[in-house]
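This report goes through selected strand pairings and aromatic contacts in one protein model. Please keep the sequence and the structure at hand while reading.

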Amino acid sequence: MGSNAVVLTVTDVNGNVSTCNSTVTVEDNVAPIAVCQDITVQLDGSGLASITAIQIDNGSTDNCGIASLAIDISSFDCSDVGSNAVVLTVTDVNGNVSTCNSTVTVEDNVAPIAVCQDITVQLDGSGLASITAIQIDNGSTDNCGIASMAIDISSFDCSDVGSNAVVLTVTDVNGNVSTCNSTVTVEDNVAPIAVCQDITVQLDGSGLASITAIQIDNGSTDNCGIASLAIDISSFDCSDVGSNAVVLTVTDVNGNVSTCNSTVTVEDNVAPIAVCQDITVQLDGSGLASITAIQIDNGSTDNCGIASLAIDISSFDCSDVGSNAVVLTITDVNGNVSTCNSTVTVEDNVAPIAVCQDITVQLDGSGLASITAIQIDNGSTDNCGIASLAIDISSFDCSDVGSNAVVLTVTDVNGNVSTCNSTVTVEDNVAPIAVCQDITVQLDGSGLASITAIQIDNGSTDNCGIASLSIDISSFDCSDVGSNAVVLTVTDVNGNVSTCNSTVTVEDDVAPLGSFPSPIIGIESCQPLQQEVEAAFDESYAVSTYTDNCSSELSATLTGTEILGSNCSWQVNYTYTVFDENGNGLINQIYTVQGSDQTTPILTPPSEPVLFDVGAFANCTATLPDFTSLVSVDDCSQVTLTQLAPNQPGTIVIGYGNDITIEVMAEDECGHTAMTSFTVQLVDETAPQTICQIEAVNLALDASGDATLTPAMIDAGSFDNCSAIQLSLDQTSFSCSDVGIQTVTLTAIDASGNSSACTAQVNVMDNTAPALTCLGDITVPKGATCSAMMPNVTSNVTINEACGVASVTQSVAVGTIIGAMTTSVSQTLTVVDINGNSSTCSFNVLFVDQTAPVINGCPANISLDTDPGMCTTTATWIEPTATDNCTQLGPVVWTKSHLPGSQFSAGVTTVTYTATDASGNSSTCIFTVTVIDDESPVMPVLADITVDCDDALVAPTTTDNCAGTVTGTTTDVLSFVEGGTTTIEWTFDDGNGNSTTAM
């Protein structure tokens, strides 16, 4: 291979030879033949596998030899489980390369390692519990990863309380399976729900009542069943009437206990036994009598005692004479009532007191009089009332005038009788009946007339007869013409007088006398209208030539008018009747008036400038009307008025604020003319056109609950003919109280002060949600079973809401039971304002066990004596136990200062037991062990001693069961002045109150 030197030798046909040199390069361009094979490899416990090119090669060859084999993938892990394409590259010794493909199947046949743990679960309020495989798993592993975990039992109920075998099956991602066993302890720590009801029981006839727990129970329940019901009070008597607190204790089948309180109302509804008796009472001088309930009672009784006796009637008067039904009401100490009936007989035996009075009576118009006993009676009385009054004489006539003796008899309502005497004086004071009649008389030619009383009388009468008739006026003259009041006086035989009034009409029938007046000539006036002619009639002139017998003043009545001539020269003939004061007339009298028109019209223009409203016309441009009707004319003939240029009718004027002059000429029928003028002010008195939006205008309140409305928002094209307008609203500011449809008034005012208005609706909207800030997490203590109820946490927020809050609600409802293992619940508060806008904020409610364990059976203080010869003793006791509300979180851990059986030295030792739960809450049990040293020091054997007189004695010593100083003392003399034998008694005290003596 490579370059090779080659010599070419050329020999011709003649044997001549030549050579030349050449280089021959040998190359190998033949690629090797790569041959692959598929293989399978297993992942190891770490989930790994590796291969080499040799494993893939299946006999690759090359013409010159293979230099190397190589693969593109040599390492595999769990992600490669399955088929993997691997390329084998074969390189020969000359660098030629070939490849082939192989499939490497990676398999994972390593089973997972299943690791279980025992757990304890609590049944919930429904008596159920469930677990997941995660709770059983205690760290199961697999080289490639776990695909799933499953347990054979996941649900438990009350029948499962205790230990339950559960199998955990762990399957890895490649289908390999392992199992392990776990014990699930099911506990029921849910106390029953004790539900009480208040009941009412009745005392029986003996004042006793009893109840059972069943009566108090109102449907108590338990997740696993109730074992028993018990109450603390079951019997009641009269002393218990009223409300009584009764406790119902409910115990479930697993020993959990709950209580509830009930009010047992004890009632005594047994009515007392009412016993009555009948009695009789007498009315006193005042017609009264009274009784008490004691008089009616005849031995009433009650099972619990009588509180009161009462009667419905205790007082009697005259209206009660006879039998009266009286009800006795017995009320016992508990308000029960019974009644019985009694008859109380009331008697009255007191006679009435008769009192008379003298009276005077008048005969009537028929000469008769009558009286009644009432008139004679002068206040007769009786304690019970008078039934009747009677008199022996009751009727009188004219023959009885004077004094008459009358007897009054008084009988009371109960038949008692008394009498008294009276004098009745009869008088006739009845005036006669005067009856008049009206008459008419005529004045004679001299104006005189006369009458008599007989003419006036119209049948006057009297009960006893008339003595005389007279009148106050009998003569009349012209001054009396007309009605005259005349009085007729009638006097009867007993001097009584009556009068009556009559009208005497005096008449004058004589007409006036005289001749026609002379004509009136030369009046300057035009022909008047008919009413003016009549008004011009001169009554005083018309009667000036006439006289009358009785009248000094005459009158005239116009009866006809004749008008002659033209409008400008005329004559009027007046026909009339002359009357005197009494209405007598002289008819068809005539006088004449002649005259002519020489007067020009008198014109009166308007006293004030005339206002002409150009604002009523488009673009403030108007056509002048005819103003002549505003000029008043004083003339007796027809007058024609003309409005002159330049401001004649039809003239066009533009704008307002200017004054123009109107000139008017007048001409009457007789050719007389007159001129006048007046001012017309061009004004704008027409209100602008105010146009409001037809649809309601939406107006949103801002975050402060306020909004402002402008006139432009309401205006829909208001305008005025003559000037610009100014728009305003009656309400521009709105607040929360205005939410909804409000009506506003848009007012337009033009430059002349004219105004108009229209109304529109404004839809005031509150679209702003409340602004909230939750105040942070809240801590709630766990309850007796380590669970808790979700409290009302709606106050845990500050709210900024302008229009008012309608509701605040929480996402987890109040009363939701929070399980023992739950320590935090997320709460979301939703605040809705009064207009339906809402916002939310969230915080956590932390459920914390703050309840310390309850220690049961804490030993009482212990007192022991020391063991003989020892300063100690052994103390034993029953150790306390502890319960905790949250054993689900972990067991209670004890810390003990001493254990039962410990040695205790003399003195007082404090023993402390501390129970700490899984949440760090602790309770302590403390008691003392007092060891008493009641053993005396050892009594020593004291030898006799001999001392000199001046020697000092040393106190002997001894030992004691407890360490300490034993002190020896004596009361004997320890110094001697003379010889002899002295017995000394020593007392040894150990300091604990024990002593012994020796001599």
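Which residues do ring pairs link into a cluster? The cluster consists of W877, W894, F904, Y913 and F927, linked by ring pairs. The model is a predicted one.

**Aromatic pairs**

Across the whole structure, a search finds ten aromatic pairs. In the pair formed by W894 and Y913, the ring centres are 5.9 Å apart and the planes stand at 80 degrees; planes over 60 degrees apart count as edge-to-face, so this pair is edge-to-face. It links distant parts of the chain, as W894 lies in strand β71 (residues 893–896) and Y913 in strand β73 (residues 907–916), 19 residues apart.

Are the two partners buried or exposed? W894 has a relative accessible area of 26% and is partly exposed. Y913 has a relative accessible area of 0%; because buried means under 20%, Y913 is buried.

**Two open sheets**

One open sheet has four strands in the order β27-β32-β31-β29, and its pairing is mixed. Its edges are β27 (359–362) and β29 (386–391); each has a single partner strand, so one side of each has no neighbour in the sheet. From one strand to the next, the twist averages 30 degrees. The partner of β27 is strand β32 (residues 417–427), and the two pair in the parallel sense over four bridges. Here I359 stands opposite V424 in β32.

Another open sheet has three strands in the order β75-β76-β77, with antiparallel pairing. Its edge strands, β75 (967–969) and β77 (995–998), each pair on one side only. The twist in this sheet averages 25 degrees from one strand to the next. Strand β76 (residues 986–989) pairs with β77 in the antiparallel sense, over four bridges. In this pairing, W986 stands opposite A998 in β77.

In a regular strand the side chains alternate between the two faces of the sheet.

**Hairpins and their neighbouring strands**

Strand β13 (residues 162–172) pairs with strand β11 (residues 146–151) in the antiparallel sense, and also runs antiparallel to strand β14 (residues 177–187). β13 and β14 form a hairpin with four residues between them, and G175 in its turn has a positive phi of about 90 degrees.

Further along the chain, strand β19 (residues 242–252) pairs in the antiparallel sense with strand β17 (residues 226–231), and in the antiparallel sense with strand β20 (residues 257–267) as well. What do β19 and β20 form? They form a hairpin with four residues between them; the turn holds G255, with a positive phi of about 85 degrees.

The table lists the bridges of these antiparallel pairs, with one opposed residue pair for each.

| Strand pair | Bridges | Opposed residues |
|---|---|---|
| β11 and β13 | five bridges | A150 opposite T169 |
| β13 and β14 | ten bridges | T171 opposite V177 |
| β17 and β19 | five bridges | L229 opposite V250 |
| β19 and β20 | ten bridges | S243 opposite T265 |

Note on methods:
Residues numbered from 1 in each chain as written. Predicted model: local features only at pLDDT ≥ 70, side-chain atom pairs only at ≥ 80, totals over all residues. Heavy atoms only, no water. Pairing = 2+ DSSP bridges. Axes fitted to C-alpha atoms, helices over the stretch in contact; angles between N-to-C directions. Phe/Tyr/Trp six-rings, centres within 6.5 Å; stacked < 30°, edge-to-face > 60°. Buried < 20%, exposed > 50% of the residue type's maximum accessible area, 1.4 Å probe, protein only.
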